[in-house]
Amino acid sequence: KDEILSRYLNTIYFGRGAYGVQEASQAYFGKDAADLDEAEAALLVAVIPGPSSYDPANDPEKSVQLWDRVISRQVNEGQMTAADADALGFPETIEPRSENSLGGTKGYLLAQVRGELIEEGFTEEEINTGGYTIVSTIDPSIQNNTVEAIGNLPDDRPENNRVGTVTVDPSTGAIRGMYGGPDYVAQAQNDASQSRMQAGSIFKTFTLIAALEDGFPLDSRWDGNSPKSFPGWEVNNFNNTDYGRVTLEKATASSINTAYAEANIEVGPQRTMDTAVSLGLPEETPGLSADASNVLGSASPTVEEMAEVYATIAADGVHRDAFIVESVTRPDGSSRYEH
């Protein structure tokens with residue numbers, strides 16, 4: 001019984017972001033659990049049934065009522081005399097911490113892990129109170145380098161310029177690094193896995209693959225002048241640069257819009273779309289269509305979706321779903337989940 005009670009008290013949720021009695025003691029009283037007095041210990045027992053609801057910072061009246069009940073039980077069971085109980089005063093708690101465990105860039109990782117576990121059949125309560133050891137796929141050095149690199153971006157970017165990145169291991173699909181934004185608490189939307197934007201020129205890769213599969217070699221030539229008119233569509237190169245007739249290799253290296261527009265019409269926009277989907281892009285991606293303009297990235301995937309697609313190319317055409325949870329282990333050491 002002592003072992004069961006010990007495991008229970010060291011893993012359950014007490015509110016204020018605290019799991020286990022030691023964290024709870026620090027969160028409510030700013031001291032170690034070993035230093036709690038009778039009144040303080042009774043309050044921690046009192047909040048267990050509804051940690052957030054019974055926190056004196058949230059409902060002082062209910063908290064006092066439940067605290068009284070705990071003290072009365074101790075008297076009734078002979079653990080405390082009535083005189084000792086009468087001498088106790090309701091303990092004063094410290095202010096709840098203003099910082100959030102999801103604050104900063106790590107909050108996006110924690111939310112991603114939680115979301116994936118729920119997709120795998122875990123419940124919120126199980127995640128919160130199961131006492132699990134959860135191992136993510138994140139590589140700390142890659143993650144730190146990612147955050148540092150984004151922190152070093154120029155300060156003169158537009159005010160609404162947002163950044164999201166994902167690093168995927170092509171051989172497994174494991175997410176090794178992810179930047180969803182500067183602070184999860186201030187902005188919960190993950191710019192790597194939830195925000196959508198037009199893909200732009202990285203869609204040219206799909207036309208390139210379709211062209212190669214259909215027998216157009218890298219030295220095949222296409223019109224790279226700008227502007228160039230097609231039925232119902234006018235295409236310009238960046239800075240309206242004229243390149244003349246260029247090879248498919250040159251069109252790729254210099255990301256020449258007009259040459260790729262011509263190539264896409266030749267191989268067929270449907271082929272470009274089908275290639276993207278075959279590499280792993282969801283068919284329901286907003287803006288994904290068989291229009292000729294799809295080569296210029298009119299569809300709006302997430303960063304994570306495109307990372308997954310490019311990982312398929314890096315893995316010689318083998319697609320693997322991206323994932324962030326490696327394993328979940330129960331308190332007794334047994335496996336609850338493994339990717």
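**Figure 1. Loop carrying Pro227 in the predicted model.** Pro227 belongs to the loop that links strand 6 (221-223) to strand 7 (228-230). The peptide bond leading from Ser226 into Pro227 is cis, and its omega is near -5°. Most peptide bonds, by contrast, are trans.

**Figure 2. Loop carrying Asn240.** Strand 8 (233-235) and strand 9 (245-247) are joined by a loop in which Asn240 is found. Although Asn240 is not a glycine, its phi is positive, at about 55°. Most residues other than glycine have a negative phi. Asn240 counts as partly exposed because its relative accessibility is 38%, between the limits of 20% for buried and 50% for exposed.

**Figure 3. Loop carrying Ser255.** Ser255 sits between helix 11 (248-253) and helix 12 (257-267), in the loop that separates them. Its backbone shows a positive phi, near 50°, in a residue other than glycine. With a relative accessibility of 32%, Ser255 is therefore classed as partly exposed.

**Figure 4. The whole chain as context for the close-up views.** The protein contains 14 helices and 11 strands. Its C-alpha atoms occupy a box of roughly 95 × 45 × 35 Å along the principal axes. The radius of gyration is 29 Å, whereas a compact globule of 339 residues would have a value near 20 Å. Of the 339 residues, 40% are buried. Among contacts between residues at least 6 apart in sequence, 61% join residues at least 24 apart. The exposed area is about 18,100 Å², with 48% supplied by carbon and sulfur atoms. The side chains include 23 positive and 53 negative ones, and the centres of these two sets lie 2 Å apart.

Key
Residues numbered from 1 in each chain as written. Predicted model: local features only at pLDDT ≥ 70, side-chain atom pairs only at ≥ 80, totals over all residues. Heavy atoms only, no water. Helix = DSSP H or I, 4+ residues; strand = E, 2+ residues; numbered from the N terminus. Rg over C-alpha atoms; globule rule 2.2 N^0.38 Å. Buried < 20%, exposed > 50% of the residue type's maximum accessible area, 1.4 Å probe, protein only. Contact = heavy atoms within 4.5 Å. Areas by Shrake-Rupley, 256 points an atom, 1.4 Å probe, with all protein chains shown as cover. Lys, Arg positive; Asp, Glu negative; His and termini not counted. Charge placed at Lys NZ, Arg CZ, Asp CG, Glu CD.
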